[in-house]
Every structure is written in structure tokens, then in C-alpha cells.
There are 2 protein chains.
Amino acid sequence: MLHKKSQIQKGSKAIHLILNPRSVAIYGANNSGASLACIQLMNIIISGYKGHVYPIHLKLESVMGFKAYKSIADVPEIPDLVVIVLPPRVVPQVFKECGDKGVKRLIIISGGFRELIGDRENPLTEEINQIANDYGMRFIGPNCLGVFNNWLDPQNEGKLFNIAIWEKLKRNKFSIASQSGTLSSHIFFDPENLDLGLGKSISVGNEANIDIVDCLEYYKDDDETEVIGLYIEEIKRGKRFLELAKEITPKKPIIAIYGGGSEAGNRALTSHTGSLGGNSKMYDAVFKGTGIIKTNKVQEFLDLALFFSRGVLPKGNRLGIITNSGGPGTMLANNAEKKGLIVPELSESLQDKLKEMLPVTASFKNPIDVTFDMNLPYYYITLPELLMKSGEVDILVQYGVVGFQDVMDNYLKNEKIAAHADFQKQDQEKSAELAKKLILPTIENSKKYSVPIFHISPQNLNSPWSKKLRKNGAMLFKLWDRPIGVITKACKYAEFKRKHS
Amino acid sequence: MLHKKSQIQKGSKAIHLILNPRSVAIYGANNSGASLACIQLMNIIISGYKGHVYPIHLKLESVMGFKAYKSIADVPEIPDLVVIVLPPRVVPQVFKECGDKGVKRLIIISGGFRELIGDRENPLTEEINQIANDYGMRFIGPNCLGVFNNWLDPQNEGKLFNIAIWEKLKRNKFSIASQSGTLSSHIFFDPENLDLGLGKSISVGNEANIDIVDCLEYYKDDDETEVIGLYIEEIKRGKRFLELAKEITPKKPIIAIYGGGSEAGNRALTSHTGSLGGNSKMYDAVFKGTGIIKTNKVQEFLDLALFFSRGVLPKGNRLGIITNSGGPGTMLANNAEKKGLIVPELSESLQDKLKEMLPVTASFKNPIDVTFDMNLPYYYITLPELLMKSGEVDILVQYGVVGFQDVMDNYLKNEKIAAHADFQKQDQEKSAELAKKLILPTIENSKKYSVPIFHISPQNLNSPWSKKLRKNGAMLFKLWDRPIGVITKACKYAEFKRKHS
């Protein structure tokens with residue numbers, strides 16, 4: 001039974017249903033683990049998915065404990081979603097069988113649809129698209145890594161629909177649409193990005209049917225998405241992309257990597273997706289005109305996502321620097337000015353206020369160097385608050401939030417030191433209480449005064465004190481390089497938003 | 001008894017002895033842990049230092065298990081080195097007592113020597129320098145964090161002299177001299193820099209006596225130093241610095257951060273060291289003219305140190321990119337070309353050789369996208385070797401060195417999967433053997449053909465497979481951003497070296 005084109009689902013609606021299926025059939029999985037389909041099925045299992053799962057397999061009775069079916073026709077219901085990891089030549093036939101069953105949404109993981117076969121063109125993309133159109137089906141791919149939805153059950157953070165990502169990620173409102181599977185799925189293992197998390201992610205692959213513009217349309221009205229990340233190699237529907245981007249950016253920041261532009265980059269694209277990457281300058285202009293935040297570094301993409309997920313935007317581009325060490329303060333000031341940020345000398349009256357509290361060897365002008373002689377409540381709470389309230393700076397970076405007691409605990413591991421030291425191991429419970437008391441007021445003040453604050457510690461992000469700061473919401477970095485780039489782009493976006501909303 | 005100036009030790013000789021003392025006296029330490037001197041003494045203890053240690057304390061009988069002395073005069077020998085952490089006003093008297101004892105080398109950790117006292121100038125620096133000259137003493141500081149020497153016993157990697165660094169670091173031939181204590185001591189905790197290590201480090205502080213030029217002079221002829229890292233805020237002896245730098249750079253790379261240049265940066269410097277930072281453009285010119293490798297990022301400073309510590313320099317600036325995923329390959333190519341590197345299209349004959357081995361969906365031009373269909377020995381050994389041998393590329397970046405078995409092991413933690421999977425947990429011993437077999441030949445080839453290779457994995461650097469690769473010498477990165485900047489600067493330095501040696 002064929003369906004008319006008018007019955008074809010809107011891309012954004014199809015995406016919503018693909019991210020929230022009540023049942024899934026999967027082609028290509030077995031029990032050996034040695035295929036993408038197996039990994040995807042195992043991802044479904046460990047994600048605690050409660051919908052029905054139907055592996056389709058010609059020979060196996062069961063796959064990973066699920067009853068297997070010889071054909072989609074045998075499945076006892078119409079699955080909400082079908083995932084296909086099969087050699088491309090058999091996909092048209094599978095598409096027809098799915099269409100006959102009444103399936104409306106699919107994901108094709110496998111590649112090999114656009115690449116040349118010897119010297120001949122490969123008509124498979126057109127073939128499956130025609131079948132999909134005939135049956136009123138929508139699909140993601142081919143040549144993609146699937147989807148991830150941390151919001152399957154909004155009431156329950158533990159429940160998700162995930163066929164794409166190996167790692168468990170905290171839930172937030174940052175969502176990705178990507179023309180690279182790696183950028184949608186494999187960038188989350190960084191020990192420096194422990195606090196980011198993810199909302200939704202869609203690997204669009206070759207975009208034979210659903211494209212990145214559909215994703216943008218979906219994210220535009222999605223309440224569970226507040227920050228959007230894109231990896232773009234080409235945009236096929238440029239006009240609609242521009243319209244959507246202009247509509248979205250005054251409300252939700254869009255962070256984008258554009259992967260084309262150079263000769264070798266375009267050569268890679270041609271091989272990778274069969275398409276031409278286009279002109280880098282054109283994309284630069286598009287991004288600038290629409291207020292899209294552009295980056296060419298994955299790390300900055302993630303850092304920007306972390307920053308915007310916190311939801312505090314600066315009111316200007318004046319940076320206040322608090323440090324307990326000269327070198328990092330100087331480098332921060334230097335790099336900030338080079339990027340066009342302002343590091344203002346503080347007013348006499350504000351300096352006088354700071355002088356009351358700081359030792360004589362301290363510096364009050366900005367960078368504010370408190371030296372090592374510091375009291376913690378002043379350093380963590382009072383000093384940032386004085387600066388936030390002053391109206392003289394719009395963003396703060398604070399270097400030196402060190403867990404000094406962790407350092408001491410480490411020395412006590414040495415027998416000789418333990419035998420002679422007057423001090424003792426810290427009480428972890430008290431220390432956790434202290435971290436909370438020191439950080440929460442500043443996080444609150446950051447929101448109240450709309451002054452973002454970056455914390456930087458020379459210690460490992462997984463050191464006990466660092467973990468406590470992060471747990472209470474500190475945006476913590478290990479070194480002082482990365483915040484400056486993020487701040488520069490955050491300020492530009494904040495300015496754009498002020499002008500356009 | 002006063003000494004004539006002619007008896008004053010050369011700075012570089014004094015540095016050698018300060019880094020290798022047979023005995024140390026330390027002022028300011030107690031058992032409470034609450035001072036820098038305590039930390040330094042505890043660092044000495046955990047470093048396994050076997051020389052004599054003499055805490056000087058007016059009241060305590062013993063400090064951290066060492067017999068304490070009321071005055072330096074009571075110490076039963078002339079200590080090779082004296083470390084002072086005391087309020088600045090008492091330091092001149094301590095200096096005189098040390099001089100009377102016959103002490104020749106000191107480190108002053110405390111600050112407060114150059115800063116204004118109210119509105120008056122502070123003459124303490126001149127005062128202690130005069131005393132040092134009168135007694136023929138040399139000293140590091142004031143306002144510094146001390147020194148670190150991983151080569152105290154060249155035959156024994158476990159033995160070191162360390163009063164500066166909290167963490168145990170692998171030994172290598174990368175040595176630092178820094179006008180910021182933080183840059184000399186607190187940048188090594190990064191989980192992304194596990195493989196770097198350190199040879200020696202000197203925090204020069206305010207340089208009242210021994211300066212960064214002395215350090216350069218020392219490192220120039222030091223067999224245990226092959227790569228030099230500098231953090232510079234100002235150079236007082238510019239002429240000698242230039243001479244030395246020109247002499248060193250054709251043999252040993254110098255990586256430098258210059259912390260001045262901007263208005264706020266100079267303001268921070270004025271507060272921090274009491275000196276003027278000077279002109280950024282002047283320093284740019286100095287660095288360029290002398291072949292010094294400049295960076296303004298700590299992370300890049302560390303990455304460059306890691307790269308140069310491996311000792312393989314590229315013969316040109318043509319980059320070969322191997323990937324199993326399109327996105328990272330495209331981004332690498334793009335960013336490389338933007339930085340002026342060449343990503344050459346490979347010759348037909350080389351492409352033909354690659355085609356024999358790679359699946360039809362792969363791409364052979366450069367980036368070489370092997371797709372997911374790969375055999376490990378080909379991917380890790382044969383493919384890099386084909387490229388290294390070809391003479392068509394000078395550096396390689398390989399994305400996707402994934403520990404797929406780690407991923408599988410992780411799924412097996414799930415009970416349902418474990419109950420139904422046909423595959424089993426990997427044998428860690430076999431896996432370690434495999435990593436060795438796959439990586440070592442490529443590391444050897446890298447040296448043989450002088451083609452550096454960067455490995456990139458989306459997995460955490462501490463994941464089991466990543467650890468195995470690192471253990472066998474792979475230069476492993478988590479994301480693909482950072483190698484490009486390193487490669488660009490490495491190529492420039494290699495070109496400089498070819499011209500100047």
C-alpha cells in the first residue's frame with residue numbers, strides 16, 4: 001500500500017519521534033559484538049530503555065536476550081523506529097519490507113551509498129529515497145552513528161534512548177546535530193569536560209532524507225534544548241538554514257564547527273560525503289550574519305557548550321582577574337587584551353575597599369593578586385562579590401582555587417611525615433561542607449549580577465577539592481588558556497543577543 | 001671574614017650546586033605544615049633525599065624528625081645550600097649569619113623585597129645583594145618557589161632534589177627556568193600531560209642575584225637538558241640573553257612564554273615583580289631572531305615540551321592524516337592548511353599501493369580515511385610505514401587508535417549483556433602484548449625515517465588501551481585540536497635548525 005506525499009511527516013516531527021520511540025527494530029545485530037548494530041543494541045540495553053526491542057536476524061533465535069525475528073513482517077507490532085546496519089545493496093529491499101509493514105521512521109547506519117562503485121555513480125541514495133517517499137517514510141543517514149536522547153523520560157534522568165554514545169552522560173539542555181558521527185558521539189570522554197553532559201544528539205550522516213536543517217527546526221521549538229551545537233560540512237538548504245538560524249540565535253546560542261574551506265579539507269569532504277564543502281568565506285559570512293558562534297576546535301566547542309549551559313551571560317567585555325600567583329594573572333591579562341577584551345584598572349574607591357582586606361604585598365589594580373596570604377571566605381565569596389557588585393567588570397576569572405588540605409593529606413601518606421607532623425588528615429565531610437559554603441554564594445551572586453565566573457586550579461579536576469567545587473557548580477578549568485577564547489566568543493554572542501532581542 | 005668579589009661563584013656553577021646539594025639548611029619550617037618552608041621540607045622528605053637536612057628554628061627541638069638548630073652557627077657543617085622562608089625584614093641578618101658560617105648558596109622563597117612600603121621605596125633587595133657580594137654568596141629569589149632536580153643521581157631515577165613540586169614526575173631532559181613560580185611548579189597536574197615529565201626546574205623569582213640568563217648559561221652545557229622551557233616577564237641582561245639563545249637554539253630547542261606586552265599585563269608585572277615588562281614586539285623580534293619557539297598558552301608550552309622531548313624532528317611541513325572517521329580528518333586538514341602546513345594529495349602510485357589494502361569505501365588521497373573496516377597491524381604499522389617511507393609526507397597524525405576491546409569489556413559489566421554475549425572479556429596480558437607489537441615498530445620507523453607521528457584516540461588517556469599505547473611510547477592526544485599548533489611550531493623550528501647547523 002503506497003502513501004501519498006502529503007502524508008509524509010515533517011522532518012522535525014519525525015526527529016522527535018525517532019528520539020522518543022516506543023519500540024525499535026534493529027537489523028544487523030547479533031551476539032558477537034563485532035558490528036555497529038551490536039554496539040547500538042548494547043547501548044539500548046545499558047540505557048535502561050523500556051520500550052520493545054525487536055532484533056531482525058535470518059538465523060538467530062535471540063539476540064542479546066531479545067527474541068529475534070526473521071523478517072520485519074513477523075514483528076508483532078509496527079515498530080516506531082527501525083535501525084539498519086546492513087550492506088548497502090540489501091537496504092532497498094529492507095526499505096520496501098519496512099514500508100509494507102507500515103514503518104514510518106528509520107535510521108541507516110551503514111555507509112557506501114554515495115561513494116563511487118569503480119567508475120560508476122552509485123544510485124542507491126536516490127533509490128532508497130524514492131522508496132521512502134513512496135511509503136511516506138522519513139529516515140536519518142545513511143553513513144551515520146545514530147541518535148542519543150537524554151530526555152526520553154523528562155521526569156527521570158536515568159532513562160534515555162541511546163544508540164550512539166558509549167559513555168553515560170549527565171543530562172543538560174545542550175543538543176547536537178552533526179554531519180560527522182565522531183563529533184556527535186565520540187568527543188565526550190575528555191577528563192577536562194566532566195561537567196558538560198548532553199541533552200540530545202543526532203548524527204545526520206549523508207542526509208539523504210532528514211538533514212541538519214530539520215534538526216535545527218526541531219531544536220528551535222524543543223523545550224529540552226537551550227544550547228545548540230552543529231558540525232557542518234555542507235548545508236544543502238541554505239535559505240531555510242539562514243531563516244532558522246536568525247530566528248534561533250537571539251534565543252538559543254548556536255555553536256558551530258565548519259569543517260570545510262581548505263583544499264585538503266574539501267578533498268576529505270569529497271571522499272567522506274561525496275559533496276563539495278563550499279567556500280569557507282561564505283560560511284564565515286553566514287555565521288557572522290546569523291549570530292552563530294563559530295569555532296574550529298572541538299575543545300572550544302565543548303567549552304562553549306559548558307559555558308552557555310550555565311545560562312549566565314556577561315553584560316559587557318570587561319574582565320576581572322583574581323589570582324594568587326603573578327604568572328597566571330599576567331598571562332590571562334595579556335591573552336585577554338590580545339583577543340580584544342578589556343582588563344580595566346579598577347577605580348580608586350574599589351581599590352581602597354580591596355586594600356582593607358588584602359595583605360600589603362597584594363596587588364589591587366586588576367589583575368588582583370591576593371598572594372598566598374588569604375582567608376578562604378574572603379577569597380571565594382567576598383572578593384568576587386565586591387567585584388561583581390562594583391559594575392566595573394563583566395566577567396571574572398579566578399586562578400588558584402587550590403585544595404591545600406588535599407596537598408597536606410598527600411604528604412601524610414609518607415610515614416616519616418605522618419610520624420612527626422602536628423597536623424592531621426582532613427575530615428572529608430567537613431571539607432565537603434566547606435566547599436559548599438564557599439562556592440554556592442558565589443554561584444548565586446554570579447546569577448544575581450549576571451557576571452560569569454571561571455575558576456581555575458592547578459590541581460587535577462578529579463582531586464578531592466576540585467571534585468567538591470565542581471559538585472557545587474563551579475565551572476572549573478585546569479589551566480588558564482581555554483577560558484579566554486570562550487569569554488571572547490561569549491561576549492560577542494551576548495552583544496549580539498542584546499542587539500537582537 | 002669577608003671574601004673578595006673575584007671569589008664569587010659563576011651563576012651557572014652556583015646553579016649546578018644549588019640543584020645538587022649534599023646538605024641543606026632550611027629556615028621557616030615547623031611541624032604544622034602551614035608554611036611554604038614546611039611544604040618544601042616535606043618535598044625533600046618524600047623525594048628520598050639522602051643528604052643532611054638542618055632545620056633552623058628558635059624554639060623547636062626537631063622539625064619533621066630532623067634535629068633542629070637554633071642558629072646556622074650551631075649546624076655541625078657548612079650546608080651546601082640554605083633555604084629561607086622568613087619575613088623579609090629579618091633576612092639581612094640571616095644572610096650575615098650565613099655568610100659568617102661560610103655558606104655560599106641560598107634560596108629566598110619569601111616575597112616583600114621590592115614592593116613599596118607605604119610610599120617609600122624598599123631597599124631590602126639592594127641590602128641583601130650587598131651582603132651576598134661581601135661574603136661571596138650567590139642566591140636564587142627572593143619571591144620564588146625553589147628548585148627541582150630529577151637528575152640528582154643520574155644512575156637512579158627515583159632520587160631527586162625537590163623543594164618545589166607537589167607531584168612525582170617522570171624523569172626526562174626537559175628543563176625549565178621561570179620568572180613565575182606557578183609556571184615552574186604547578187603546571188604538571190594535567191591529566192592530558194601524563195607523559196611529559198621533567199628534568200630540572202628553577203623558579204628564579206625577582207632575580208636579585210641569579211637570573212634567568214644564568215639558568216640559560218647553565219642549561220646550555222648541561223648534558224641532562226635537551227629541551228629548555230622559559231617563562232619570561234622581563235630580561236635584564238638582554239645582550240647576553242641574545243648571545244646565549246643564538247648559541248643554544250641550533251642544538252637545543254628553547255620554548256618560551258613571554259608574559260608581558262599588553263597594558264594590563266604590564267600592570268600585573270609592575271605589581272608582581274616591580275619591573276616593567278617591556279614591549280611585546282621587541283620580544284617577538286628577539287624570539288624570532290634567535291629561533292626561540294614562542295607560545296602564549298601553557299598547554300602548548302607543555303605539548304611542545306612533550307614533542308621535542310621525543311627527539312624526532314620533521315624534515316619538512318607536509319602533513320599526512322590517517323583517520324577512521326571523516327570529521328576529524330576534515331578538521332585536521334582544514335586547521336593544518338590554515339596554519340600554513342601542506343596536506344599534499346598523495347601520488348597516484350602511493351594511492352595505488354594503499355588501494356590494495358583498504359576497503360572500497362576508504363579514501364586514499366590524504367586525509368586517508370580507512371573507515372571502520374580495518375585490520376590492526378595494517379592500521380598501526382603498515383599504513384604509517386608506507387607513508388613514512390614514501391617521502392611524500394613529513395609528519396603523521398593518526399586519529400582513531402581506539403581500544404575497541406575496552407569498549408566491549410565495558411558492555412560486559414551489564415548483567416543482561418554478559419548473560420547473552422558470545423564474546424568474552426579480553427585477556428589483559430595478551431592485550432598488553434598486542435599494544436607493544438602494534439606500537440613499537442611504528443615508533444622505530446618514526447625515528448628511522450624522521451617522521452614524527454601523533455596518535456589520537458577519542459578515549460580517555462587513562463583507558464586501558466590508551467595506557468598501553470602510552471606505555472610503549474605513543475604520543476597520545478585525546479582530541480585533534482592541539483597537535484596542529486605543535487606541528488606548525490615544530491616545523492618552523494626544524495627549518496631554523498636545518499639552516500643554522
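Which residue of E5(A) does Ala25(A) stand opposite? The partner is Val82(A). This is a predicted model, in which local features need pLDDT of at least 70 and side-chain atom pairs count only at pLDDT 80 or more, while totals for chains, interfaces and linings use all residues. Residues are numbered from 1 along each chain as its sequence is written, and chains are lettered from A and ligands numbered from 1 in the order in which they are written.

The two residues sit in strands E1 (23-27) and E5 (81-84) of chain A, which pair in the parallel sense over four bridges. Strands here are DSSP runs of E with at least two residues, helices are runs of H or I with at least four, and both are numbered from the N terminus; two strands pair if DSSP finds at least two bridges between them. The pair belongs to an open sheet of five strands, ordered E2-E1-E5-E6-E7 in chain A, with parallel pairing. At its edges are E2 (52-56) and E7 (138-140) of chain A, each pairing on one side only. From one strand to the next, the twist averages 20 degrees. Helix H3 (91-101) of chain A packs on this sheet, where it touches E1, E5 and E6 (105-108), and its direction makes about 170 degrees with that of E5(A). Such angles run from 0 to 180 degrees between N-to-C directions, with axes fitted to C-alpha atoms and, for helices, over the stretch in contact. Contact itself asks for C-beta atoms, placed from the backbone, within 7 Å.

Zooming out, chain A has 18 helices and 19 strands, and its C-alpha trace spans about 85 × 55 × 40 Å along the principal axes. The chain is divided into domain 1 (1-143), domain 2 (146-311) and domain 3 (314-500), with bounds from an automatic or database domain assignment. The centres of domains 1 and 3 of chain A are 50 Å apart, taken over C-alpha atoms. Of the 501 residues of chain A, 54% count as buried, that is, with 20 or more other C-beta atoms within 10 Å of their own (exposed means 12 or fewer, partly exposed in between, with C-beta atoms placed from the backbone).

How do the chains meet? Each side of the contact is counted: 81 residues from chain B and 81 residues from chain A. On the side of chain B, H11(B) gives the largest share, eleven residues. Laying chain B on chain A takes a turn of 180 degrees and a shift of 0.0 Å along the axis, with an RMSD of 0.0 Å; the two copies are thus related as by a two-fold rotation axis. The superposition is by least squares on C-alpha atoms of residues with pLDDT of at least 70 in both copies. Since 100% of the interface residues of chain B are also interface residues in chain A, the copies meet through the same surface.

A few backbone oddities round things off. The Gly141(B)-Pro142(B) peptide bond is cis, with omega about -5 degrees, and Pro142(B) is in the loop between E7 (138-140) and E8 (146-149) of chain B. Ser450(A), not a glycine, has a positive phi of about 55 degrees; with 15 C-beta neighbours inside 10 Å, Ser450(A) counts as partly exposed. Glu207(B) also has a positive phi, near 55 degrees, but counts as buried, with 25 C-beta neighbours inside 10 Å.

Conventions. Two residues are in contact if their C-beta atoms, placed from the backbone, lie within 7 Å.
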